[in-house]
Amino acid sequence: MSRTDGFTPETRMLIDGSLVGAASGKTFDNINPATEEVLGPVADASREDMQRAIAAARRAFEETDWSTNRELRKRCLEQLQDALEAEREELREELIAEVGTPRSVTYMAQLEGPLADAFRYPAKLIDEFPWERSLSDGDAFGTHSARAVWKEPLGVVGSIVPWNYPFEVTSNKIAQVLATGNTTVLKPAPDTPWNATRLGRLVAEKTDMPAGVFNVVTSSDHLVGEELTLSPLVDMISFTGSTVTGKRIMEKGAATLKRVFLELGGKSAMIVCDDADFASVVPAGSFVCMHAGQGCAMQTRMLLPRSRYDEGVELITQAMAAVAYGDPQDPANFSGPLISSRQRDRVLGYIAKGQEEGAKLVLGGGRPAHLPKGYYVEPTLFVDVDNSMTIAQEEIFGPVLCVIPYEDDDDAVRIANESAFGLSGGVFSASEERATAIARRVRTGSIGINGGVWYGADSPYGGYKTSGIGRQNGLEGFEQYLETKAVAWLRP
Ligand code: NAD
């Protein structure tokens with residue numbers, strides 16, 4: 001193990017209850033996106049390592065009492081919660097270093113949000129969930145039967161996560177997967193492996209979880225993750241990441257008829273009505289720059305009424321110019337670097353495309369001159385964007401906001417819905433009734449009204465259309481990891 005500032009990373013994987021390196025002995029480098037420096041190594045698994053982890057998860061499901069012993073599951077989730085809380089400050093430093101997330105964001109969705117209830121909520125549901133329910137007695141085919149419905153775990157779940165909010169996505173995912181009695185192999189993104197290997201160590205050292213219930217496999221090769229989608233020993237894939245990869249997972253999983261939960265990309269609209277208090281509402285659009293815009297639910301299209309367009313553009317220009325960005329260690333910053341040079345170049349490519357297609361660039365658009373190291377992009381504002389342009393239709397995943405004018409409420413709804421995605425959004429009006437009526441017409445899996453925040457471990461989160469299938473969190477997320485068995489007893 002190596003020591004970096006403020007935390008000690010775990011460089012080994014967890015397979016079948018043991019902390020291990022790759023069988024080949026290979027490692028790959030974990031890079032700090034703010035400095036471009038190597039933080040340290042992590043195990044670089046092959047397909048064979050992944051197959052061993054899958055076999056361990058299968059064995060643990062078949063041969064231990066994990067799938068049936070609810071008390072054990074609840075105890076283990078609580079132990080894991082306690083262990084994470086004990087390492088909270090180390091985890092914070094680790095996330096800042098490997099994700100490049102601003103320190104300020106760790107007090108929100110990057111760490112404190114999920115730590116508050118990601119494990120607690122499903123642990124509570126273990127007690128409260130109706131695992132069995134009775135049906136009325138049935139008289140079918142000349143027999144009399146007492147009938148019931150049982151809920152049972154699915155089996156082995158492949159948990160595949162992205163790099164943008166890795167601890168948030170991972171903890172919300174695996175807490176529900178494990179609470180429902182499944183076993184799992186967690187495959188983190190290669191860019192952010194240490195928060196996952198830390199979880200592996202904590203499970204091994206601080207909980208009573210039987211060997212093989214929870215496994216963590218790190219690899220520089222995305223196709224090692226694909227092994228999960230191909231293996232007949234895996235029953236379900238729980239995936240958060242890009243829409244392109246989500247489609248591939250469905251395709252590859254079809255051969256073994258895998259259940260899939262897909263939480264994918266977004267291109268959400270912030271609708272500002274003409275009666276809204278512009279001075280307080282419009283500047284909030286700069287929230288799109290939080291963590292360099294690397295958030296799937298970001299409201300990346302701001303829809304402004306034509307009647308107050310110039311006033312709105314002026315307010316959002318001022319707000320975007322005032323975004324504090326740079327070194328993630330600086331608590332004043334709200335926006336840091338992109339995760340990699342590849343992502344930075346992808347964002348810069350979209351900015352060039354926006355200009356080519358005729359959108360007006362009023363702010364940013366390049367790499368900041370004062371930050372020569374790190375994968376930074378300036379907070380960038382496009383106005384006079386037409387919703388058919390590439391920058392209004394595709395997910396940029398950077399600190400880029402597109403302002404689009406609209407004529408009336410119907411036009412705003414039309415533009416919001418004219419998207420392949422349907423993940424999230426926001427509506428702002430002086431009339432809550434008007435905003436609520438608009439929210440009902442927007443085809444997305446979540447929506448905030450006048451700044452309302454829907455997020456929480458008890459709140460189902462996911463997308464309509466190509467933003468995904470299924471929900472993370474909430475009762476809906478919990479049930480998704482369960483099978484349904486209809487049972488009948490012959491009663492003369
Ligand atoms: P990605 O799809 O490239 O990778 C996500 C994960 O999938 C990584 O662990 C990667 O190694 C793995 N992977 C890649 N190819 C695979 C394959 N063929 N088989 C199995 N696994 C494979 O996504 P990313 O670039 O890491 O993350 C950014 C994307 O995630 C954005 O599109 C963002 O919107 C989305 N996202 C969505 C949500 C949501 O809640 N809807 C949350 C966070 C991120």
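How far is a nitrogen atom of the ligand from a polar backbone atom of leucine 264? The separation is 2.5 Å. This is a predicted model, and the briefing below looks at the ligand's surroundings and then at three helix pairs. Helix H2 takes part in two of the pairs, with H8 and with H6, while H6 also packs with H7.

**Around the ligand**

- There are 26 residues around the ligand, and those that come nearest are His222, Ser242, Glu263, Leu264 and Glu395.
- Leucine 264 offers a polar backbone atom, which lies 2.5 Å from a ligand nitrogen.
- Tryptophan 163 takes part through its side chain, where an N or O atom is 2.8 Å from an oxygen atom of the ligand.
- Arginine 248 also uses its side chain, with an N or O atom 3.4 Å from a nitrogen atom of the ligand.

**H2 with H8**

- Helix H2 covers residues 70-86 and helix H8 covers residues 194-206; their axes come within 10 Å and cross at roughly 120 degrees.
- Angles from 65 to 115 degrees count as roughly perpendicular and those over 145 as roughly antiparallel, so H2 and H8 are oblique to each other.
- The crossing of H2 past H8 is right-handed.
- On the H2 side the meeting residues are Gln79, Leu80, Ala83 and Leu84, and on the H8 side they are Leu199, Leu202, Val203 and Lys206.
- Sorted by class, this contact of H2 with H8 has six nonpolar residues, one polar and one charged.

**H2 with H6**

- Helix H6 spans residues 120-128, and its axis comes within 9 Å of the H2 axis, with a crossing angle of roughly 165 degrees.
- That angle makes the two helices, H2 and H6, roughly antiparallel.
- Here H2 passes H6 in a left-handed crossing.
- H2 contributes Arg70, Glu71, Arg73, Lys74, Leu77, Gln81 and Glu85 to the contact, and H6 contributes Arg120, Ala123, Ile126 and Asp127.
- Seven residues in the contact of H2 with H6 are charged, three are nonpolar and one is polar.

**H6 with H7**

- Helix H7 runs over residues 166-179; the axes of H6 and H7 come within 9 Å and cross at roughly 15 degrees.
- Angles under 35 degrees count as roughly parallel, and H6 and H7 are therefore roughly parallel to each other.
- H6 and H7 cross in a right-handed sense.
- Tyr121, Pro122 and Ile126 of H6 make the contact with Ala175, Gln176 and Ala179 of H7.
- The contact of H6 with H7 holds five nonpolar residues and one polar residue, with no charged residues.

Methods:
Residues are numbered from 1 along each chain as its sequence is written. This is a predicted model: local features need pLDDT of at least 70, side-chain atom pairs count only at pLDDT 80 or more; totals for chains, interfaces and linings use all residues. Side-chain values use heavy atoms; hydrogens and water are left out. Axes are lines fitted to C-alpha atoms, for helices over the stretch in contact, and angles run from 0 to 180 degrees between N-to-C directions. Helices (H or I, at least four residues) and strands (E, at least two) are DSSP runs, numbered from the N terminus. A crossing is left-handed if the near helix is turned anticlockwise from the far one by less than a right angle, and right-handed if clockwise. Contact means heavy atoms within 4.5 Å. Ala, Val, Leu, Ile, Met, Phe, Trp, Tyr, Cys and Pro count as nonpolar, Asp, Glu, Lys and Arg as charged, and the others, Gly among them, as polar. A residue is near a molecule or strand if one of its heavy atoms lies within 4 Å of it. A polar contact is a pair of N or O atoms within 3.5 Å; within protein, one must be able to donate a hydrogen and the other to accept it, and residues adjacent in sequence count only if both atoms are side-chain atoms.
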